[in-house]
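Work through these exercises with the sequence and the model side by side. Try each task before you read its solution.

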Amino acid sequence: MDLEANADALMDGLQADLERLAAIPSVAFPGHPQEPVLQAHDLVAALLRDAGVPVVERIDLPDTAPVVWGEIPPPEPDAPTVLLYGHYDVQPAGDPALWLSPPFEPTPVPGGLRARGIADDKSNVMAQLGMIRLYGGRPPVGLKVVIEGQEEYGSAFDAYPPTDPQRFACDAMVIADLGNLRPGTPTLTTGLRGAAELTVEVRTLAEPRHSGLFGGAAPDALLVLLHALATLHDADGNVAVPGLRRDPWEGAESTEGEFRDLAAVHDDVPLLGSGPLGGRLWSGPAVTVIGLDAPAVDQAASAVVPYARARLNLRFHPLQDPHDALDALARHLLAQRPFGVPLTVTPGDTGPGFQARTGGPAYRAAMTALREAWGTPVSFAASGASIPLVNGLARAVPQAEVLLFGAMDSMCNLHAPNERVLLSELRNTVVAMAAFLREYAAEHRAATRR
Ligand SMILES: [Zn+2]
């Protein structure tokens with residue numbers, strides 16, 4: 001079968017359906033109407049049914065939007081089964097004034113379309129649908145399709161797969177909730193950093209005291225806190241907390257120029273840390289101060305500040321144990337005692353990272369497929385963000401190979417204003433998914449004959 005020609009032939013229809021789906025404001029956050037979320041669910045289910053998926057069900061779980069479940073049995077008894085994951089809910093649009101066009105009116109941009117969620121993750125839902133259409137509903141492997149409806153807001157789905165491992169049983173899974181390092185560079189994401197949060201507090205006085213009468217000897221809680229926070233990094237901006245794992249990064253990475261653009265760093269501001277960017281973003285730790293309670297400047301009184309606290313967000317190596325990582329940060333802070341003042345540390349939520357096992361038949365098949373689709377060899381990257389569901393699925397089906405690729409690219413403004421997707425990336429992802437199933441079926445056939 002000529003995958004490329006067939007993919008080109010179905011792009012008009014796929015683009016029209018992507019626009020229909022992206023026009024639905026399926027935001028599953030509190031305070032947003034549930035109607036559009038259910039509408040997006042129903043549209044995805046109907047599109048899968050129309051594409052020839054014989055089993056399309058709805059999984060209803062407490063505290064989460066309904067999950068679309070589709071199943072195509074293997075074409076022959078010893079063909080492998082591949083699980084495909086995506087989500088139909090989207091981030092809130094944020095301030096509409098920052099958008100160049102209404103966020104839920106898909107609008108053409110050079111080479112693509114702009115709308116909230118049109119990349120994350122509706123493009124990947126459509127890539128899966130396109131691949132199923134390309135095979136007329138009869139792919140060369142068995143398929144299980146999981147399209148979640150509350151990925152962006154505290155899904156209860158993350159914990160579900162391990163409670164029903166039989167349902168999720170498969171040989172490989174494609175987690176299509178990310179994409180390429182840059183447009184045109186096919187990318188397999190092999191690692192995701194773990195995440196944790198912690199609150200650090202300082203109390204020095206029972207209440208504020210006149211800074212003229214008491215300042216100079218009465219300890220200022222904010223100053224104490226700032227001294228403690230200042231020890232988290234060395235002079236170059238590298239995390240200086242002992243016990244946080246840092247490995248050299250050996251895969252592909254953004255150039256410093258690309259990264260500065262993506263991060264919107266001001267021209268006169270240097271980047272933090274030293275060494276290759278991959279080590280700073282993916283295979284090493286990051287500590288970010290994400291909140292600070294202290295008197296606001298506009299309400300500032302001339303008084304010694306008696307109380308201050310900060311919320312820290314920690315990102316750590318994909319293979320470091322979350323509790324080890326959080327302990328290392330807490331120990332470091334508790335050891336500080338700036339000016340002899342003790343700090344109080346309250347650990348928060350943790351989420352593990354993920355490291356894919358590469359080198360198996362599904363990885364070989366994916367490398368061939370992505371090179372075929374984009375016409376250039378695959379890059380291996382990681383992501384500083386975490387996808388908690390990946391761990392839930394990997395625990396449910398520990399022997400399955402986990403592949404992370406998709407139609408987004410690092411310049412698609414996901415979670416930001418003016419999100420966009422490139423149609424060339426969508427088309428190539430359809431080809432890549434189709435070629436992956438063909439290659440994987442062949443690898444599997446060869447292996448069982450051996
Ligand atoms: Zn997503």
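**Exercise 1. Work out the spacing of the zinc donors along the chain, then place the donors in the fold.**

Step 1. The donors of the zinc ion follow the spacing H-x32-D-x56-D along the chain. A donor here is an N, O or S atom within 2.8 Å of the metal (3.2 Å for Na, K and Ca); water is not among the atoms, so sites may look incomplete.

Step 2. Name the protein donors: H87 (NE2), D120 (OD) and D177 (OD). They lie 2.0 to 2.2 Å from the zinc ion.

Step 3. Place two of them. H87 is in strand β3 (residues 81-87), and D177 is in the loop between β7 and β8 (179-180). The two are 90 residues apart, so this pair links distant parts of the chain.

A note on the model. It is predicted: local features need pLDDT of at least 70, side-chain atom pairs count only at pLDDT 80 or more, and totals for chains, interfaces and linings use all residues. Residues are numbered from 1 along each chain as its sequence is written, and side-chain values use heavy atoms, with hydrogens and water left out.

**Exercise 2. Find the strand order of the six-strand sheet, and say why its edge strands have a free side.**

Step 1. Fix the terms. Strands (E, at least two residues) and helices (H or I, at least four) are DSSP runs, numbered from the N terminus. Two strands pair if DSSP finds at least two bridges between them.

Step 2. Read the order: β1-β2-β6-β3-β7-β18. The sheet is open and its pairing is mixed.

Step 3. Look at the edges. β1 (55-59) and β18 (401-404) each have a single partner strand, so one side of each is left without a neighbour in the sheet.

Step 4. Check the twist. Neighbouring strands are turned by 20° against each other on average, direction ignored. Axes are lines fitted to C-alpha atoms, for helices over the stretch in contact, and angles run from 0 to 180 degrees between N-to-C directions.

Step 5. Take one pair. Strand β7 (residues 172-175) and β18 run parallel over four bridges. I175 stands opposite L404 in β18.

**Exercise 3. Trace the four-strand sheet and find the helices that pack on it.**

Step 1. The order is β12-β14-β10-β15, in an open sheet with antiparallel pairing.

Step 2. β12 (286-293) and β15 (344-351) are the edge strands; each has a single partner, so one side of each lacks a neighbour in the sheet.

Step 3. Count bridges pair by pair. Ten join β10 to β14. Seven join β12 to β14. Six join β10 (residues 194-203) to β15.

Step 4. Find partners. R203 has Y307 in β14. L292 also has its partner in β14, namely A310. L198 has P347 in β15.

Step 5. Add the helices. α6 (residues 221-230) touches β10, β12 and β14 (307-316), and its direction makes about 15° with that of β14. Contact means heavy atoms within 4.5 Å. α9 (residues 322-334) lies across β10, β14 and β15, at about 160° to β15.

**Exercise 4. Which word describes how α2 and α3 lie to each other, roughly parallel or roughly antiparallel?**

Step 1. Helix α2 (residues 35-50) packs on α3 at an angle of about 15°, with their axes 9 Å apart.

Step 2. Apply the cut-offs. Angles under 35 degrees count as roughly parallel, over 145 as roughly antiparallel, 65 to 115 as roughly perpendicular and the rest as oblique. α2 and α3 are therefore roughly parallel.

Step 3. List the contact. V44, L47 and L48 in α2 meet V125, M126, L129, I132 and R133 in α3.

Step 4. Sort it by class: seven nonpolar, no polar and one charged. Ala, Val, Leu, Ile, Met, Phe, Trp, Tyr, Cys and Pro count as nonpolar, Asp, Glu, Lys and Arg as charged, and the others, Gly among them, as polar.

**Exercise 5. Classify the packing of α1 on α3.**

Step 1. Helix α1 (residues 3-22) and helix α3 (residues 122-134) pack at about 140°, with axes 9 Å apart.

Step 2. That angle makes α1 oblique to α3.

Step 3. The contact includes L10, L14 and L18 of α1 and V125, M126 and L129 of α3. By class it has eleven nonpolar, four polar and three charged residues.
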